[in-house]
Amino acid sequence: MNALAAFALLTVKSPRDAAHQVLAQEWPREALWTGFLLSVVLNTCVYTLQQVLFPLPPEVLIPRFAPGAYFAVILLLQISFIAMLATTGRWLGGQGNLAGLLALVTWLQLLQAGLNAAVVAMLLVMPALAALLNIAANIMVFFILLHFVNAAHKFGSVWRSLGVVMMASMILVFALLFIVGLIGPANLGLPENV
């Protein structure tokens, strides 16, 4: 456990070095996918705990998912996002592959699950401080993601990583909007006219 905490601290302090250590390992395919599924399960558990402890009022128009649906949505979104990071990175001259990005994003998701659990615990004690911690955690995770993408694709520039992340996100958003349009917003419980 101490080694895990030390590596989490290294990830926060020097994401590039942490990324190089993750990429230097020869991860078996089963270990990669098991770790990835574990990260999604842990994030689903934290989401469910947050929904139980702090349910949103009905008038807030944010979709609420059952744990199984949340797991499926996050699983699909994360796999799609990792594939888009690999594809758009190669479009911009990167050298990263799906396995390396899967390892890096899996570690980042495990770290984020721990941070989200800390935020939920903090909400019980100091809600105002928890909101600030949540904002800081999200900024830090995004910063780490940029360095991870940079290391995976061997860009040498965090700005190119930002381009990859933005392109991957936009492609994913447009794909989701297209799918929602095909299914129909009313079938998903969303208002038809916004």
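**Exercise 1. Alanine 69 and its helix**

Task: Determine in which helix alanine 69 lies, and decide whether alanine 69 counts as buried, partly exposed or exposed.

Solution. In this predicted model, alanine 69 has its place in helix 4. The relative accessibility of alanine 69 is 35%, and since buried means under 20% and exposed over 50%, alanine 69 counts as partly exposed. A further step relates alanine 69 to threonine 44, which is 25 residues away in sequence, while the two C-alpha atoms are 9.5 Å apart in space.

The helix itself can then be described. Helix 4 covers residues 67-91, and its 25 residues reach 36 Å from the first C-alpha to the last, close to the 36 Å expected at 1.5 Å a residue. The buried residues in helix 4 are Tyr70, Ile74, Gln78, Phe81, Ile82, Met84, Leu85, Ala86, Thr88 and Gly89. Just after helix 4, glycine 93 takes a positive phi of about 90 degrees.

**Exercise 2. The buried side of helix 2**

Task: Identify the buried residues of helix 2, and explain why they can be placed on the same side of helix 2.

Solution. Helix 2 spans residues 15-24, and the buried residues in it are Pro15, Ala18, Ala19 and Val22. These residues cover an arc of only 100 degrees around the axis, which puts them on the same side of helix 2. As a general background to such an argument, an α-helix has 3.6 residues a turn, so residues three or four places apart point the same way. The last step is to ask what lies over these residues, and the elements that cover the buried residues of helix 2 include helix 1 (2-13), helix 5 (98-125) and helix 6 (127-153).

**Exercise 3. The largest nonpolar core**

Task: Establish how many residues the largest nonpolar core has and which of them have the most contacts inside it, and then trace the surroundings of leucine 85 and phenylalanine 81.

Solution. The largest nonpolar core has 37 residues, and those with the most contacts inside it are Phe81, Leu85, Leu145, Phe148 and Val165. At least two residues of this core are supplied by each of helix 1, helix 2, helix 3 (29-53), helix 4, helix 5, helix 6 and helix 7 (158-183). In soluble globular proteins, nonpolar side chains tend to be buried together.

Take leucine 85 next: with residues up to four places away in sequence not counted, leucine 85 touches Leu101, Val105, Leu145, Val149, His153, Val164, Val165 and Ala168. Phenylalanine 81 also lies in helix 4, and at 14% relative accessibility phenylalanine 81 counts as buried. Leaving aside neighbours within four places in sequence, phenylalanine 81 is in contact with Leu145, Val165, Ala168, Ser169 and Leu172. Leucine 101, for its part, is 20 residues from phenylalanine 81 in sequence and 10.0 Å from it in space, C-alpha to C-alpha.

**Exercise 4. Aromatic pairs**

Task: Count the aromatic pairs, and classify the pair of tryptophan 33 and phenylalanine 36 and the pair of tyrosine 47 and tyrosine 70.

Solution. The count comes to three aromatic pairs. In one of them, the rings of tryptophan 33 and phenylalanine 36 have centres 5.8 Å apart and planes at 90 degrees, so this pair is edge-to-face. Both residues lie in helix 3, three residues apart, about one turn of the helix. Tryptophan 33 counts as partly exposed at 35% relative accessibility, whereas phenylalanine 36 is buried, with a relative accessible area of 0%.

The pair formed by tyrosine 47 and tyrosine 70 is stacked, with 3.8 Å from centre to centre and 0 degrees between the planes. Because tyrosine 47 lies in helix 3 and tyrosine 70 in helix 4, the pair ties together parts that are 23 residues apart in sequence. Tyrosine 47 counts as buried at 12% relative accessibility, and tyrosine 70 is buried with a relative accessible area of 17%.

**Exercise 5. The polar contacts of threonine 11**

Task: Decide whether threonine 11 is buried or exposed, and find which side chain is joined to that of threonine 11 by a polar contact of 2.9 Å.

Solution. Threonine 11 has its place in helix 1 and counts as buried, at 0% relative accessibility. The side chain of threonine 11 reaches the backbone oxygen of phenylalanine 7 at 2.8 Å, and the polar contact of 2.9 Å joins it to the side chain of tryptophan 107. Apart from neighbours within four places in sequence, threonine 11 is in contact with Ala18, Trp107, Leu111, Ile144 and Phe148.

Key: Residues numbered from 1 in each chain as written. Predicted model: local features only at pLDDT ≥ 70, side-chain atom pairs only at ≥ 80, totals over all residues. Heavy atoms only, no water. Helix = DSSP H or I, 4+ residues; strand = E, 2+ residues; numbered from the N terminus. Expected span 1.5 Å × (residues − 1). Buried < 20%, exposed > 50% of the residue type's maximum accessible area, 1.4 Å probe, protein only. Arc of directions from axis to C-beta. Contact = heavy atoms within 4.5 Å. Core = buried A, V, L, I, M, F, W, Y, C linked by side-chain atoms within 4.5 Å. Phe/Tyr/Trp six-rings, centres within 6.5 Å; stacked < 30°, edge-to-face > 60°. Polar contact = N/O pair within 3.5 Å; in protein donor to acceptor, adjacent residues only side chain to side chain.
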